[in-house]
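Good morning, everyone, and thank you for coming. I would like to walk you slowly through one structure today, starting with single residues and ending with the way the two chains meet.

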Number of protein chains: 2
Amino acid sequence: MIAGGVRVLNVGLPAVVEAAPDVVQLDWRPPAFGDVECARLAVALDDDVTHAANARALAAVHAVRPQLVGVRPARDVVPGLGDGRTLLHAGPPIDLADMCGPVRGALVGAVLLEGWAGTPADALHLLEAGGVTLDACHHHDAVGPMAGVLSPSMPVLVVQDGPRRAYASLNEGLGRVLRFGAFDAEVVDRLRWMRDVLGPVLDGALRLGGPVDVTSLVAQALTMGDEGHNRSTAATSLLARRLAPEVAQQDRGVEVLRFLAANDHFALNLSMAGAKLATDAAVGVEHSTLVTAMARNGVEFGLRVAGTGERWFTAPVGAADGLFFPGYGLEDANPDLGDSAITETLGIGGFAMAAAPAITLFVGGTPDDALETTRSMRRITLGPHPAFRLPALGFAGAPSGIDVLKVLDTGVLPVINTGIAHREAGVGQIGAGVVEAPSDVFLQAVRALHGMRAR
Amino acid sequence: MIAGGVRVLNVGLPAVVEAAPDVVQLDWRPPAFGDVECARLAVALDDDVTHAANARALAAVHAVRPQLVGVRPARDVVPGLGDGRTLLHAGPPIDLADMCGPVRGALVGAVLLEGWAGTPADALHLLEAGGVTLDACHHHDAVGPMAGVLSPSMPVLVVQDGPRRAYASLNEGLGRVLRFGAFDAEVVDRLRWMRDVLGPVLDGALRLGGPVDVTSLVAQALTMGDEGHNRSTAATSLLARRLAPEVAQQDRGVEVLRFLAANDHFALNLSMAGAKLATDAAVGVEHSTLVTAMARNGVEFGLRVAGTGERWFTAPVGAADGLFFPGYGLEDANPDLGDSAITETLGIGGFAMAAAPAITLFVGGTPDDALETTRSMRRITLGPHPAFRLPALGFAGAPSGIDVLKVLDTGVLPVINTGIAHREAGVGQIGAGVVEAPSDVFLQAVRALHGMRAR
């Protein structure tokens, strides 16, 4: 009955047939990562109620136009972070005892910066004695890359849209820095300079020159080889050039111009603050399956979804794979870390890889992989971002707004660009790469979303 | 004898078969643009002598690493441009009587700037009476965009590699500017400010901070959406950010930072000066068919080839096609103008379109056209530029070093990105687009090259 030769079309694990010639491999995975119950819940939720809620949620996110209006001490502006002994960290909430090395190191450095202890040993003792209140940045309208530690005297970027605000720490540059868990004198001295010079000078420049439109800055950078997460050279250069005339008019402005000239990652934190303000616009949109936050604390990955408000769905997080600095490898890497995945939550970073073919030199892969990553993220997002156009894809908008249901339906997980910290406190960055969100948080989310409908 | 249907494979003019369905069109053109004599000369020259000469010429060009070492008054540094009444212009040499509107307008503005006349009418009278010596920028190691007019008091970028130097005017920005033929008070006032503030401040900054590596700047900008000719936003931003700390320390540095923040094209002239220094390294390489300059004076296109030294091959030049500003069209356009095609001569600009998909918003076409243009320029160039890597083409080097023989063999003409000036003096820029070099200059060149061999 069969004329001609037999050929194989394989659906599922490529390993089954990888040695056979002429096999057509279909990129199909079982829905809901093979969890039949969750697959049924996802199908049940895939209705007009959800679609309408998601349209509202996405429109709310896309309507946000964050403006950088100031750079102020965190204690003066970040809600709940006054003169008391409180420190914020990246990712979902976590107890000190469970924290990873880099976050513990960054907390020690922040205690030293604040003068709550005089030595690293005393700082650790104070932390372990419960002398410092610890909480997640995300609970305070704030985000921070890697360890994400924020202390009251640190200056923060203030982005605003109407009455709403979001905050992010200032980027310290590469090398030995607090966000990768280093806390020696060089690190704390730099933080003092950022507190005493960088913050006030930038704030003065913004008062003089007026706010910076973050959406417009990021959009332009996406046409200039940035993806808004691991590569921020264009946004930093545009921002520095834009602010330079007003910075130059401030006392010690030259020092700040020198710092901006040397730190290619400075604009990352601004892109993060803008993404936080945008995605938070959808928090609490009833019945929406839109993801509003992805964040990692170095132990767990945390997911928030519009319809479930401020609840975190968490799962253990792995280490990123990518390119390591000489002398380091995967065995040295801390599990993935930082609030910076808020950029992917909005649709830039890993989702906008097509904008940044040169990033493959930094995170691995080829320029074609970069295009393919962005195309693949289209399968799990609600629509293109209207402002973030990608020239290499014919000016299509970046895939924006991760839908929990689409993730379960396709089995495609969000791709996150990231830095890689050494697992021990004090060492710092050892590489950069790409990581996928864990599937389990999406399974938890669909159960919770369905539970809310059932009520 | 023929089984199945007949299908058409067309070689040559597509118009012959464009209405027919299912035609395969071969992109073949007769060699030497149909000039049989030149085709024979080209074949005769295509030998080991030429290949060896071209390898030497290309290596010499690629070995040049221009450094921006200063910004000095033209009279102090440009050979042959002292305190006498001499003005330089873009393109091959041309008599005043034959010049186009924009160049005449720019000459009038330069006479006013130098104070050789008090009114535009007196300036024109002085020029027509022969009171000013006119010559091509290229005859003085210099290049200028569009009208390219350079006068003794204008500051020039000084780029250097070993003992060799090249020079370019400073970019005035967009709008009503001298290089597009405008010469009113606003234009001349800006030129005075550039002479009195911009030039000295930039020179002071370079003395303080040291030279800028032009190759490295351009190479980085090519990974950031620039192509080094019509789009210079990245190079300008990188340069401004790099120079800002030292500029801020100069008297009136704030004005300069403001100017740099507002002028996205500032780095174009630096890219041109660097390209001039590089391509001039091959001038006079015996038997080489490598193009060392392409330049337009608004009436004629001029070509120089390594093996024929400083001789110009010229032909009438057309107007660029592209995108016009509202209210203007092709009928308003001046024929193509400027020394800026020195960027394409080196292998950037139109040749590096693949680096700048967003440029299609400015010059027309689609991002896919941009990739195709670069691929097509590979057919007429001697090899990839080792420093100028294009991420969108898998980090292949930009096609560099136009070979007269390859142009004749393929019938593919060099593509040049360009601004479009209004044909009347004083109006200014009306658009931007793409233009092809005229075929006739390549026919002249092959005749001359063959003639030199025959001697």
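Before we look at any residue, we need one cut-off: a residue counts as exposed if 12 or fewer other C-beta atoms lie within 10 Å of its own, and as buried if 20 or more do. Please also keep in mind throughout that what you see is a predicted model.

Let us use that cut-off straight away on A:D83, which sits in the loop between α3 (74–77) and β4 (86–89) of chain A. Is A:D83 buried or exposed? A:D83 has 8 other C-beta atoms within 10 Å, and therefore A:D83 is exposed. If we leave aside its neighbours within four places in sequence, A:D83 is in contact with A:R75 and A:P152. There is also a residue some way along the chain to point out, since A:D83 and A:S153 are 70 residues apart in sequence, while their C-alpha atoms are 8.7 Å apart in space.

Now set beside this a second residue, A:V291, which lies in strand β10 of chain A. Around A:V291 there are 31 other C-beta atoms within 10 Å, so A:V291 is buried. Not counting residues up to four places away in sequence, A:V291 touches A:L303, A:V305, A:T345, A:I402 and A:V404. From A:V291 to A:A57 there are 234 residues in sequence, and yet the distance from C-alpha to C-alpha is 9.7 Å.

From that residue we can widen the view to its strand. How many of the 7 residues of strand β10 (residues 291–297) of chain A are buried? The count is 7 of the 7, so the strand is largely enclosed by the rest of the structure. As for its partners, β10(A) pairs with strand β11 (residues 300–305) of chain A in the antiparallel sense, over 5 bridges, and within β11(A) it is A:L303 that stands opposite A:M294. The hairpin of β10(A) and β11(A) has 2 residues between the strands, and in this hairpin A:G298 takes a positive phi near 90°. β10(A) is also joined by 2 bridges to strand β14 (residues 337–338) of chain A, again running antiparallel, with A:R296 standing opposite A:G338 in β14(A).

In chain B we can look at a whole sheet, an open one in which 4 strands follow the order β12-β11-β10-β14, with antiparallel pairing. Why do β12 (313–316) and β14 (337–338) of chain B each have one side without a neighbour in the sheet? They stand at the edges and have a single partner strand each, so one side of each is left open in that sense. Helix α15 (residues 440–454) of chain B packs on this sheet, where it touches β11 and β12 of chain B, and its direction makes about 155° with that of β12(B).

Chain A has another open sheet that I would like you to compare for yourselves, with 5 strands in the order β6-β8-β7-β3-β9 and mixed pairing. Here β6 (142–143) and β9 (212–213) of chain A are at the edges, each with a single partner strand, so one side of each has no neighbour in the sheet. β6(A) and strand β8 (residues 164–169) of chain A pair in the parallel sense over 2 bridges, and A:V143 stands opposite A:A168 in β8(A).

Let us turn to a pair of helices. Helix α4 (residues 101–114) and helix α5 (residues 120–128) of chain A pack at an angle of about 105°, with their axes 9 Å apart, and they are therefore roughly perpendicular to each other. On the α4(A) side the residues are A:L107, A:V108, A:V111 and A:L112, and they meet A:P120, A:A123, A:L124, A:L126 and A:L127 in α5(A). By class, this contact consists of 9 nonpolar residues, with no polar and no charged ones.

Finally, we come to the two chains together, whose contact takes 27 residues from chain A and 27 residues from chain B. On the chain A side, α8 (233–247) and α9 (253–262) each supply at least two residues, and α8(A) gives the most, with 9 residues. That side of chain A has 16 nonpolar, 8 polar and 3 charged residues.

How are the copies related? A rotation of 180°, with 0.0 Å of shift along its axis, superposes chain A on chain B with an RMSD of 0.0 Å, and the two copies are thus related as by a two-fold rotation axis. Of the residues of chain A, A:M224 comes closest to that axis, at 2.0 Å for its C-alpha. The same surface serves both copies, as 100% of the contact residues of chain A recur in chain B.

Note on methods. Residues numbered from 1 in each chain as written. Chains lettered and ligands numbered in written order. Predicted model: local features only at pLDDT ≥ 70, side-chain atom pairs only at ≥ 80, totals over all residues. Pairing = 2+ DSSP bridges. Contact = placed C-beta atoms within 7 Å. Axes fitted to C-alpha atoms, helices over the stretch in contact; angles between N-to-C directions. Nonpolar A, V, L, I, M, F, W, Y, C, P; charged D, E, K, R; others polar. Least-squares fit on C-alpha atoms with pLDDT ≥ 70 in both. Parallel < 35°, antiparallel > 145°, perpendicular 65-115°, else oblique.
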